[in-house]
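Here's a quick walk through a two-chain model, with the cut-offs spelled out as they come up. Keep the viewer open while you read.

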Amino acid sequence: MAQKLVIVGAGMAAAYLLQELSRLDHGLHITLIGEEPDACYNRVMLSALLAGEAAESDLAMLSTDQLHSPNRLLTGTRVRAVNLRQQTLLTDNNETLSYDRLVFATGATVATPDIGMSGVEGIRVLRTLEDVRHLQCVAAQGRRAVVVGGGLLGLEAAHGLNGRGFDTSVVHRQPYLMNRQLDAEGGEHLRERMAQSGLQFFLQASVAALRASDGKLHAIVLQDGRELACDLLVFATGIEPSMTLAREAGVACERGVLVDAYLHTSDPNCYALGECSQMGTQCFGLVAPVKAQAVVLARQLAGADGPAFALEDWPVQLKVSGVEIFSAGSVQSGDEHLVLRDAGSGVYRHLALAGQQLVGAVLVGDKRDGIWYAQLIRDAADVSGYRSGLMFGKAVSEAMRLSAVAA
Amino acid sequence: MTSCRTTCPYCGVGCGVTAEINDATVIAVTGDRQHPANAGRLCVKGSTLAETLTTEGRLQHPLVRGERVTWNSALDSVAQKLQAVRRQYGPGAIAFYLSGQLLTEDYYVANKLMKGFLGSANVDTNSRLCMSAAVAAYQRAFGADYVPCSYADLEMSELVVMVGSNAAWTHPVLYQRMVASRKANPAKKIVVIDPRRTETSEAADLHLQIAPGSDAYLFVGLLHYLLGSGNLDTRYIEEHTRGFADALAVAREIDLARVASMTGLETQQIEQFYRLFGTTEKVVTLYSQGINQSASGTDKCNAITNCHLATGRLGRVGMGPFSITGQPNAMGGREVGGLANQLAAHMGFDEADVARVESFWQAPDMAREPGLKAVDMFRAVEAGDIKFLWIMATNPAVSMPDTEQVRRALQNCEFVVLSDCVEDTDTAAYADVLLPAMGWGEKDGTVTNSERCISRQRSLVPATGEARPDWWIVTQVAQRLGFGKAFDYRHPSQIFSEHASLSGYENEGRRDFDISALAGLSEAEYEQLEPTYWPCPSGNPVAEPIAAGRFFTASGLANFIAVQPALPTFDEDAERLLTLNSGRLRDQWHTMTRTGRVPKLMRHRDFFSVSISAEDAMARGLAEGELVHAQACSSSVTALIRIEDTVPRGQVFSPIHWSNQHANRACINGLIPAVTDPVSGQPQLKFSRVSLSPVPVSGWGLLLTRHLPVLPAAAYWSRVVASGGYLTLFAVAASAQLQEVQRDLVNHLQPFATRNIDYQDPGSGDFRNVGLAHGQLVYACYLNADRRRLPDGDWLTAQLAVAPLEDTLPLVAGFNPGSPVSGRLICTCWEVGERAIAQAVKAGARSVECLGEELRCGTQCGSCIPELKRMLLAAAS
């Protein structure tokens with residue numbers, strides 16, 4: 001009889017896992033349980049969908065075959081509890097399922113600060129397809145939205161709202177946007193580019209209070225007293241791994257569900273991957289490590305040998321508001337800086353060296369060769385032989401190195 | 001489309017050119033197959049003539065102290081000032097400084113006005129700098145400035161001795177004729193005498209790399225040898241010459257050992273040359289600036305002529321002492337009397353000649369004494385003795401020796417008039433009045449080449465702006481001075497006809513220069529005039545005048561000159577000084593006022609540099625491409641260093657072409673003292689002693705701009721014209737910060753562009769800026785502490801033509817991995833670079849023909865063939 005695999009959570013991590021499993025001969029009986037009515041869609045594209053740049057069908061991650069590869073697919077279903085000893089779980093419609101292997105792919109939630117006005121209409125997050133569908137239904141023209149958080153998610157949300165027609169502002173606590181991935185000048189380039197599409201930014205600012213009447217939001221107050229009128233407030237101030245289910249079941253957790261390099265949790269029959277997981281001290285919010293986790297975990301589940309999951313300094317690669325962004329390593333840790341500025345076309349590239357090694361790369365507006373830079377950073381390669389070509393990518397550097405050898 | 005036959009305006013070979021004209025534009029030029037000088041060949045400079053016919057940089061309107069005025073007003077002010085100076089200070093206070101670029105008709109009119117109507121013989125010409133020693137030597141030996149050889153003689157000879165000539169670069173078509181004739185006659189030998197290894201010496205059977213300036217020892221020693229070897233033609237000496245005993249008396253002192261010690265040559269080598277000369281009947285000795293530009297240039301020329309007289313080897317086919325000129329109409333200038341010590345039509349200042357010309361011209365105020373020669377003329381200008389100076393078609397602020405003195409003179413001169421076809425010359429900066437003259441392709445007249453062949457330079461296109469013929473300008477001034485009747489020319493044919501008449505006037509075979517057969521040509525006949533050799537006296541059959549051994553001296557005999565050889569001396573000599581030698585580059589002409597506008601011609605040698613040997617470089621701690629100060633005569637130039645094994649130890653070679661228009665400190669003639677030959681007055685431009693010292697720099701910049709750039713204060717800059725813009729290399733002094741220079745430059749450049757890209761890597765001193773507008777490159781500037789890390793100039797300039805520029809990253813990188821870098825341009829005609837050739841050689845090409853088939857290099861003008869051979873040779877060894 002086939003081994004029973006239950007995957008809790010039907011987000012992107014589960015989708016990657018199913019993709020990987022479909023490549024392997026595993027013989028597993030798979031049950032996929034997701035809370036949302038939709039399963040396995042590309043969350044990264046929600047802002048594009050909101051902005052009207054993509055259709056819902058564009059968000060599908062799995063082929064029809066892959067989507068039907070689980071023997072059971074339970075959407076709109078929450079798992080209430082897991083019994084590790086009995087290897088069973090209980091859903092919110094009181095069904096008990098038994099498992100041989102269980103995967104926690106429960107994702108994360110948006111961290112919303114407590115500003116004491118719960119229940120006020122107009123305060124939202126932008127996390128799910130349902131969130132987008134809701135915003136698609138409300139009239140946007142002439143309405144004002146404020147996004148709190150100028151990181152990756154905040155900017156995505158702001159871009160989506162702006163595209164939807166909201167008069168959108170971003171309130172960001174730090175002096176420049178995407179401060180985790182960019183440097184000050186890169187952040188400024190990004191701000192300028194996004195401002196060109198009508199977005200407004202309030203940097204080094206935070207929300208001190210809300211103004212509402214009749215249960216409806218109509219303004220926010222910044223810490224310096226400035227008041228921004230708004231009908232919609234979207235929080236994008238970071239995510240928190242959803243690990244309550246695992247923790248309550250007795251699986252070891254800290255910020256997330258603790259896993260080892262093979263994605264095993266503290267329970268021998270349970271695994272975790274994606275945003276809910278934690279390895280060492282690190283949690284995962286980017287696509288690249290989650291995809292890597294899926295490769296490792298699929299081989300574990302299929303009983304095949306495979307490499308362990310290794311922590312890396314994954315580059316951040318994305319497109320915000322049409323602006324390509326790439327960030328790898330840490331430019332702050334460099335002691336020499338190579339900078340290319342092309343303000344006219346919104347391009348900013350910053351490479352940082354420490355000794356003979358590349359240690360950080362920030363690319364705004366033109367992320368060509370980002371992967372190569374990430375590789376150089378990862379390999380701690382000696383770049384002194386082609387330093388003058390480094391900024392201009394692999395082909396130029398290689399040719400320069402060769403011509404220097406030939407000359 | 002029409003085609004028109006004309007003559008090339010560059011060197012003294014005087015090649016015929018066929019121009020294809022469409023819609024008043026010369027669209028192509030090819031060699032004229034019917035012209036006897038070149039029979040269809042053309043060198044790279046000639047081939048690119050069409051590209052020099054641009055309005056860019058042309059002087060288009062008369063200017064008086066920078067203000068545009070009408071012709072009338074400009075001519076009035078010239079005439080009034082001339083008259084006022086002459087009235088107040090006398091005829092000695094006025095002077096004309098002319099040029100071998102003028103047509104014979106222009107020359108004739110200027111000379112006539114000055115020497116016949118203004119009473120001054122202060123008419124000299126830049127030919128003084130070029131071959132006045134050869135003129136003086138011919139006059140001393142033959143009693144006339146008679147060149148007793150033709151190009152055919154070079155082909156028919158069994159031995160060509162080239163002295164002080166890099167004809168492969170300076171007279172390429174003639175050089176190719178010699179090489180071709182040797183190919184047809186394997187017994188033929190070519191000997192080259194030059195301190196430097198050149199493209200010419202590479203192809204020689206024997207290269208005598210003599211000590212600079214020691215040529216006279218070699219030829220006086222040759223006379224000594226000929227006596228001992230029994231190769232003298234004693235009968236010829238007795239019947240047709242005089243002075244042999246005196247010449248021999250000196251020569252007896254100069255034995256082989258003496259020659260060897262003075263020239264630095266091995267006795268074996270010297271003997272090999274002497275034996276060749278002694279035993280070969282058909283010998284042409286071809287000499288040029290390397291002989292002429294010397295403080296004893298006339299003696300050197302006579303030392304050569306002595307050897308031909310002693311062996312009776314002149315006046316017959318395939319032999320003679322042959323001076324080749326540098327300019328297209330140096331000979332024409334000599335014919336009309338353009339030198340201060342000549343009167344007109346090969347007549348001098350003896351009473352009979354003056355009276356004859358006076359009566360012919362019906363001249364009211366004849367000059368009766370020779371005037372001041374170039375160097376003395378500019379000294380008199382500085383001293384204030386000459387107060388009115390009219391310069392035509394030349395650039396003495398660059399081409400004269402001791403250019404600082406010349407500039408001081410021009411600065412101090414009360415009134416300087418400059419007629420020229422270009423506006424931005426160093427000399428123009430000092431002119432009170434600038435008069436726009438027609439340039440090549442516009443003007444109409446005749447020129448005479450080195451073998452006494454008169455050819456038509458025809459008008460191909462309309463004048464640029466208000467440009468006028470030089471003869472017209474002079475005539476207009478003459479009319480304003482009240483000489484309307486004697487200067488009522490309406491067409492150059494009338495001037496030519498008068499000139500031809502004068503040559504035959506009371507001649508009767510006494511004077512060598514007689515072209516009276518051409519007097520009275522109608523305008524139509526003049527228009528159709530085919531290349532014509534002189535002498536061509538009216539009525540008489542044309543015969544080689546000296547074939548019968550009869551010369552133009554009073555006695556009818558040729559003169560030996562007792563030449564006492566001497567080495568050049570220098571005032572402040574010191575061990576550490578290097579000997580400066582200067583010369584021409586393959587693709588450049590004079591001060592680059594024309595060739596400097598043709599991008600193709602700037603790719604063989606781009607930036608101003610001087611060359612030294614590896615040993616001298618090492619001794620001074622200099623490496624290839626570094627910056628150096630060369631100093632002498634309280635003047636200096638700043639140049640890149642080229643290390644070349646062609647330059648002997650102890651010497652520096654510098655090209656002569658650079659002026660302030662193309663580099664910041666590159667006037668090499670400033671380093672040359674105005675030492676002149678006492679006989680001819682020709683300055684010793686081929687010799688100076690200079691000190692070299694490295695110039696520390698904090699970095700280098702390469703700047704490409706669409707428009708003429710304004711540069712920051714630089715220790716060095718040198719600029720070339722590129723297709724669609726300018727490419728400038730500059731160096732930042734060690735005392736200045738690269739980053740600050742970059743900031744200044746960028747502040748200046750940014751307003752020209754709508755998109756400015758900036759790249760900085762301060763750690764390695766890398767600063768790059770690129771500006772674009774409308775998707776096209778406007779400027780690109782690269783600074784680096786290391787010059788080798790600047791981008792390739794050829795690749796970079798090619799980016800000017802790219803539109804729209806899709807990807808700017810390679811541009812800022814200054815490097816495109818997809819495009820092969822061509823390297824130095826070897827074949828200018830087909831634009832084949834060094835690297836393509838090297839690759840072809842590596843892939844198995846073993847001959848020039850092979851390379852030609854594969855890459856087309858060397859298949860058009862052939863100027864690059866010596867370099868191709870050298871590359872093949874280097875690869876083989």
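The notes below go from ground rules to chain A, then the contact between the chains, then chain B.

## Ground rules

This is a predicted model, so local features need pLDDT of at least 70 and side-chain atom pairs count only at pLDDT 80 or more, while totals for chains, interfaces and linings use all residues. Residues are numbered from 1 along each chain as its sequence is written, and chains are lettered from A and ligands numbered from 1 in the order in which they are written.

## Chain A overall

Chain A comes with 11 helices and 26 strands; helices (H or I, at least four residues) and strands (E, at least two) are DSSP runs, numbered from the N terminus. Its C-alpha trace spans about 70 × 65 × 35 Å along the principal axes. The radius of gyration is 23 Å, which agrees with the value near 22 Å for a compact globule of 407 residues. That radius is taken over C-alpha atoms, and the globule rule is 2.2 Å times the number of residues to the power 0.38.

Of the 407 residues in chain A, 47% are buried. Here a residue is buried if 20 or more other C-beta atoms lie within 10 Å of its own, exposed if 12 or fewer, and partly exposed in between, with C-beta atoms placed from the backbone. As for contacts in chain A with a separation of 6 or more, 63% are between residues 24 or more positions apart. Two residues are in contact if their C-beta atoms, placed from the backbone, lie within 7 Å.

## Domains and a small sheet in chain A

The domain assignment splits chain A into domain 1 (4-109 + 239-301), domain 2 (123-235) and domain 3 (322-406); such bounds come from an automatic or database domain assignment. Between the C-alpha centres of domain 1 of chain A and domain 3 of chain A there are 36 Å.

Chain A also has an open sheet of three strands, ordered β13-β14-β15 with antiparallel pairing. Its edge strands are β13 (207-213) and β15 (227-229) of chain A, each pairing on one side only. From one strand to the next, the twist averages 25°. Those angles use axes that are lines fitted to C-alpha atoms (for helices, over the stretch in contact), and run from 0 to 180 degrees between N-to-C directions. Strands count as paired if DSSP finds at least two bridges between them; β13(A) and β14 (residues 216-222) of chain A share six, running antiparallel. Leu210(A) sits opposite Ile220(A) in β14(A).

## Where the chains meet

The contact draws on 18 residues from chain A and 19 residues from chain B. On the chain A side, the elements giving two or more residues are β24 (336-342), α10 (387-390) and α11 (394-406). The largest share, six residues, comes from β24(A). By class, that side of chain A has nine nonpolar, five polar and four charged residues. The classes go like this: Ala, Val, Leu, Ile, Met, Phe, Trp, Tyr, Cys and Pro count as nonpolar, Asp, Glu, Lys and Arg as charged, and the others, Gly among them, as polar.

What joins β24(A) to strand β30 (residues 755-761) of chain B? Four bridges do, and the two strands run antiparallel. Look for Arg341(A) opposite Asp758(B) in β30(B).

## A barrel in chain B

Six strands of chain B close into a barrel, in the order β21-β25-β22-β24-β23-β26, with mixed pairing. Neighbouring strands of this sheet are turned by 45° against each other on average, direction ignored. Strands β21 (residues 578-583) and β25 (residues 651-655) of chain B run parallel and are joined by five bridges. Thr579(B) has Gln651(B) as its bridge partner in β25(B).

## Buried spots in chain B

Strand β6 (residues 94-98) of chain B is largely enclosed by the rest of the structure, because five of its five residues are buried. Ile94(B), Phe96(B) and Leu98(B) point one way, while Ala95(B) and Tyr97(B) point the other. Four bridges link β6(B) to the parallel strand β14 (residues 388-392) of chain B, where Ile94(B) stands opposite Phe388(B). Three more join β6(B) to β7 (residues 123-125) of chain B, also parallel, with Asp124(B) as the partner of Tyr97(B).

Leu796(B), in helix α27 (residues 793-798) of chain B, counts as buried because it has 23 C-beta neighbours inside 10 Å. Beyond its neighbours within four places in sequence, Leu796(B) is in contact with Leu704(B), Leu727(B), Ala780(B), Pro791(B) and Gly814(B).
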